[in-house]
Amino acid sequence: MSELNKTIIHIDMNSYFATVEQQADPCLRGKPVGVLKAQGRNCIIAVSKEAKLYGVATGSNTWEALRLCPGIILVPSDMDKYFAVTKKLIEIVKCYSPLIEVFSIDEMFLDVTSTQELFEGGATGVAVAIKERIKDEIGEWLTCSVGISYNKILAKLASEQMKPDGLFVLDRENLDKVLARIKPSCVCGIGYRMERKLQKLGITNLLQLRTLPYEYLLAQFGEHWARFLLATALGEGTDILNNMENIPEQKSVSRTFTTFRNLESKDQVKALVRNLSEEVAWKLRKMGMTGRCVGISVRGGGVSVFERRTTREEVDDGALIFDMAWGLFEGLEWRSSVRFAGVWMTNLRSSRLNSQSLIPEIKKKESINRAMDQVNNRYGYFSLYPGRLLGAETARPEPNGFLGDKKFLFG
Amino acid sequence: MAVVFANGKVLPRWMMWRGRKIELGKVLLEYQGKDSGVPLLFYSVQGATSSYGVVWNKDTNIWKLVEVHELDE
């Protein structure tokens with residue numbers, strides 16, 4: 001935390017994916033809408049405010065949603081569309097401060113400490129202007145809740161106070177009053193299990209946390225959480241943004257995929273792992289990076305496991321990543337069907353630091369990858385792909401809601 | 001497709017579809033995307049009885065109608 005009293009604005013788009021769909025298609029406006037991960041999938045990843053009134057929540061199953069709201073309209077998601085709209089949001093927000101943190105596809109922070117005086121109405125004026133410009137320049141159906149405070153955690157809690165389309169200022173004067181009505185689980189990082197534990201200790205809101213001595217919290221939750229809980233209860237937290245212009249180097253690159261149906265045959269799983277490995281390799285090469293640690297995670301039949309392996313060689317080749325990932329999968333002696341798989345690389349570094357190989361086979365592989373990347377960058381990913389994937393269903397790259405790969409998307 | 005160029009934007013105004021001239025009104029949503037590396041502009045535009053999804057391929061200057069949604073009465 002800095003010594004300056006900062007002014008941080010948190011912008012949270014309301015029911016984002018669903019409202020973008022309602023903006024694009026007026027027939028959906030004012031109606032309960034659920035956005036599915038994809039056509040044929042059962043998980044609802046976003047719901048409109050009209051659907052929320054029926055009790056349908058993000059993460060519901062389609063059957064659950066249809067039971068609560070038989071008239072709900074289910075539409076498949078279009079992550080490229082949402083990300084394109086997010087980029088327009090960023091362009092608007094950038095007009096008010098150079099210090100922006102894109103927290104996720106529908107949330108961003110901006111630090112207006114030194115720019116608020118340039119705008120009429122200060123930070124509140126900036127918030128109102130952003131809300132108006134979103135409606136004018138992107139679409140009138142899009143609304144956002146805005147929170148203003150002096151650090152990130154409080155700004156985020158402030159935006160939660162008035163939904164949808166709200167604006168709330170959380171300052172030192174109303175801090176205690178507001179914290180007394182916020183449940184611990186509203187804080188990003190505090191999950192269901194920790195809340196249950198806190199409830200057993202008689203803690204049902206953030207203000208009550210102050211009554212517990214640090215030593216007691218330490219014994220219950222360990223040092224990290226004890227410090228975090230107490231700081232949050234006192235209204236302390238970081239006010240330093242992970243700025244867009246200075247996105248930290250990516251520590252890992254991954255691609256996960258939940259399949260449409262259980263994959264029963266080994267060939268299907270093999271094709272999926274190869275597909276994911278190719279995407280990871282492509283992302284690495286696009287960022288000019290290589291990695292040494294390959295990991296695989298697999299779920300299915302109620303079992304969830306992950307395994308990883310570190311090599312001495314720096315890797316950015318899809319076939320090599322696949323060989324290592326598949327070796328790890330074979331080592332798992334997996335017996336049931338597969339519903340989810342993920343491949344990731346860690347121990348990353350810039351490929352410029354690697355010495356050029358003189359081995360002809362490796363040089364050949366590198367030039368093939370280069371040629372493949374050039375074709376795919378021009379004509380779209382998977383225009384050229386390994387023969388092993390011929391005929392297999394392919395998972396194409398798309399941004400996820402958490403924007404976990406910011407360096408790749410914005411870097 | 002007939003468009004106007006105004007304020008640095010390309011705004012669809014009317015289009016011929018199945019031999020009919022369809023007047024286009026308000027642009028409901030506009031965003032940029034790519035398909036196979038080709039830059040595209042996606043528009044959701046309101047007509048009198050329907051809303052339309054149209055895509056402009058900037059490379060070929062070809063417009064494509066991709067969605068039609070009948071508006072409720």
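How far apart do the C-alpha centres of domain 1 of chain A and domain 2 of chain A lie? In this predicted model, in which local features need pLDDT of at least 70 and side-chain atom pairs count only at pLDDT 80 or more, totals for chains, interfaces and linings use all residues. Residues are numbered from 1 along each chain as its sequence is written, and chains are lettered from A and ligands numbered from 1 in the order in which they are written.

The assignment for chain A, with bounds taken from an automatic or database domain assignment, gives domain 1 (6–168), domain 2 (172–245) and domain 3 (247–410). The C-alpha centres of domain 1 and domain 2 of chain A lie 25 Å apart. Their contact (C-beta atoms, placed from the backbone, within 7 Å) takes 17 residues from domain 1 of chain A and 14 residues from domain 2 of chain A. On the side of domain 1 that touches domain 2, strand 5, strand 6 and helix 6 (152–161) of chain A are the elements that give two or more residues, helices (H or I, at least four residues) and strands (E, at least two) being DSSP runs numbered from the N terminus. Helix 6 of chain A gives the most to this side, with seven residues.

The largest nonpolar core, that is, a set of buried Ala, Val, Leu, Ile, Met, Phe, Trp, Tyr and Cys residues joined through C-beta atoms within 7 Å, has 73 residues. A residue is buried if 20 or more other C-beta atoms lie within 10 Å of its own, exposed if 12 or fewer, and partly exposed in between, with C-beta atoms placed from the backbone. Helix 5 (residues 122–138) of chain A provides the largest share of this core, six residues. Because domain 1 (6–168) and domain 2 (172–245) of chain A both give residues to this core, it lies between them. Val93(A), one of the residues with the most contacts inside the core, touches Ile11(A), Ile100(A), Met108(A), Leu110(A) and Ile130(A), residues up to four places away in sequence not being counted.

Chain A also contains an open sheet of five strands, in the order 5-6-1-7-8 and with mixed pairing, where two strands pair if DSSP finds at least two bridges between them. Its edge strands, strand 5 (100–104) and strand 8 (167–169) of chain A, each pair on one side only. Strand 1 (residues 8–13) and strand 7 (residues 144–149) of chain A run antiparallel and are joined by six bridges, with Asp12(A) standing opposite Ser145(A) in strand 7 of chain A.

Notes
Contact = placed C-beta atoms within 7 Å.
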